[in-house]
2 protein chains.
Amino acid sequence: MFTRSEEDHLKAIHTLSVTGTKASTSAISERLDTKASSVTDMLKRLAEKGLVAHEPYHGAKLTTSGRKAALVLIRRHRLWETFLVDKLGFRWDEVHEVAEQLEHVSSEKLIDRLDAHLGHPRFDPHGDPIPDKNGRMITRKLLPLSRCIAGDHVELSSVRNGTDALLHYLTRKGIALGVAITITATHEFDGSMELKLGDGRILSVSREVAEQLMVQ
Amino acid sequence: MFTRSEEDHLKAIHTLSVTGTKASTSAISERLDTKASSVTDMLKRLAEKGLVAHEPYHGAKLTTSGRKAALVLIRRHRLWETFLVDKLGFRWDEVHEVAEQLEHVSSEKLIDRLDAHLGHPRFDPHGDPIPDKNGRMITRKLLPLSRCIAGDHVELSSVRNGTDALLHYLTRKGIALGVAITITATHEFDGSMELKLGDGRILSVSREVAEQLMVQ
DNA sequence: TGCCATTTTTAGATTAGTCTAATTTTGTTT
DNA sequence: AAACAAAATTAGACTAATCTAAAAATGGCA
Ligand SMILES: [Mn+2]
Ligand SMILES: [Mn+2]
Ligand SMILES: [Mn+2]
Ligand SMILES: [Mn+2]
């Protein structure tokens, strides 16, 4: 249906515009590690195909069909990540690159069978919701741990923009999805937080980390 | 490592030259459904990279590194086919096209984990041997059913050049890998054969079909 | 031996996807 | 309002992968 590059652009635009805002040329190029001029070219092609609305100098927005296509890609990506972790024993910090390739294999039957094989999972290994066949997925109101205050009891629900390095760091610290967290103290001067985990262990995290941990 | 087109060419050359003969430009182009001139271009590029020995006007042969690369591709292809049938419930006539895409996902870890997940299968759903990590695979001395004579008792071991149409036809006739076959009669004039299957069912197959069924 | 059909290669064009460098637009700041 | 910096687009070039059409080589046969 689409080329690999078209698919990656659609996915990037979708991720950048979950809130409904337009995705800027430079933001897309940064996400895909290409030059802005390459993105401009691709936006023209995608606009031609009716997948995005490109307002020159003001970024791009997915059309209805573009959004539909992007959700198919996100569904594939998250299902493959789930497969790699649940069935092949990969760690959550090892799956992204491989899923980035697998998502481009185009076979509706393959994905639907995979979905069934995995038991129709609702969330991927990073806590991100998996769209169903119709593009629908569970929406949860999560907030970053950094917005919690001392005394709050929360549960880790997803890791935002999880780079492999961050995910690996969390694993080493014993932080996984679903872990119960009690905030014991917050520090104004650097935004770091002291936590007590469900198993009683004590640790502290920097502001940078706390901003990526989505809870409740 | 290689592009999709390079990989498909390497695989085609390997398949054409299992016997040690050179693969001709036109044979490759027919297999890949491209034009001969495109193949000539690609042979130059592969020769440049040291993967094939291209003797202009006389076809191409894989070098040692080319053969190694081709075996990786064949391993991936057959493991994915096995996955699709064993884990996702595809029929043997539905897997080729999807595996043709999946084989290009490059991650050694993925393939080795998949191999383990499947229990290190030795044969794919069509009876073709799966190379191991080192490119080694089981070799069996099979012969086409068409070479058998009345009274022979054999077992179906693999289907040669199995197009999806042939595989589907076999399934409808109740012929699957491993089935016991007794040849009850052969007909000189058209090469067709009368068979009795393990479950007692009687049927006849044309020469064209009998030549594709590898037995013993 | 020399002709000729078939096969293969070469030449030249096209499309997708990318880049660098130059130009244009935007929006903010004096 | 003019100037400027940042962002985006345009222009022009390159590579990979394909094609069609023309030219060249091969190998069998009269
Ligand atoms: Mn991708
Ligand atoms: Mn994920
Ligand atoms: Mn392929
Ligand atoms: Mn097979």
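In this predicted model, one contact reaches a base of the DNA: an N or O atom in the side chain of Ser37(A) lies 2.9 Å from a base oxygen of DNA strand C. Other contacts with this strand involve its phosphates. A polar side-chain atom of Ser26(B) is 2.6 Å from a phosphate oxygen of DNA strand C, and an N or O atom in the side chain of Thr40(B) is 2.7 Å from a phosphate oxygen of that strand.

Stepping back from single atoms, DNA strand C is surrounded by 21 residues, the closest being Thr3(A), Ser5(A), Ser38(A), Arg45(A) and Ser26(B). Of the atoms of DNA strand C that come within 4 Å of the protein, 76% are accounted for by sugar and phosphate. The surface near this strand is made up of 12 polar, five nonpolar and four charged residues. At least two residues each are supplied by H3 of chain A and, from chain B, by helix H2 (25-32) and helix H3 (36-48). H3(A) has the largest share, with five residues.

Attention now turns to DNA strand D. Here too 21 residues surround the strand, and Ser26(A), Thr3(B), Ser5(B), Ser38(B) and Arg45(B) are the closest. Sugar or phosphate holds 80% of the atoms of DNA strand D within 4 Å of the protein, while the rest belong to bases. The residues of this surface comprise five nonpolar, 12 polar and four charged, and H3(B) gives the most, with five residues.

Several side chains approach the phosphates of DNA strand D. From chain A, a polar side-chain atom of Thr40(A) lies 2.7 Å from a phosphate oxygen, and an N or O atom in the side chain of Thr25(A) is 2.9 Å from a phosphate oxygen. From chain B, the side chain of His58(B) places an N or O atom 3.3 Å from a phosphate oxygen of the strand. Two or more residues of the surface near DNA strand D come from each of helix H2 (25-32) and H3 of chain A, and from H3 of chain B.

Within chain A, H3 also packs against another helix. Helix H1 (residues 4-16) and helix H3 (residues 36-48) have axes 11 Å apart and meet at an angle of about 95°, so H1(A) and H3(A) are roughly perpendicular to each other. Ser5(A), Glu6(A), His9(A), Leu10(A) and Ile13(A) of H1(A) meet Val39(A), Met42(A), Leu43(A) and Leu46(A) of H3(A). The residues of this contact are six nonpolar, two polar and one charged.

On the scale of the whole chain, chain A is divided into domain 1 (4-62) and domain 2 (143-215). Their C-alpha centres lie 32 Å apart.

Key
Residues numbered from 1 in each chain as written. Chains lettered and ligands numbered in written order. Predicted model: local features only at pLDDT ≥ 70, side-chain atom pairs only at ≥ 80, totals over all residues. Heavy atoms only, no water. Domains from an automatic or database assignment. Axes fitted to C-alpha atoms, helices over the stretch in contact; angles between N-to-C directions. Helix = DSSP H or I, 4+ residues; strand = E, 2+ residues; numbered from the N terminus. Parallel < 35°, antiparallel > 145°, perpendicular 65-115°, else oblique. Contact = heavy atoms within 4.5 Å. Nonpolar A, V, L, I, M, F, W, Y, C, P; charged D, E, K, R; others polar. Near = heavy atom within 4 Å. Polar contact = N/O pair within 3.5 Å; in protein donor to acceptor, adjacent residues only side chain to side chain.
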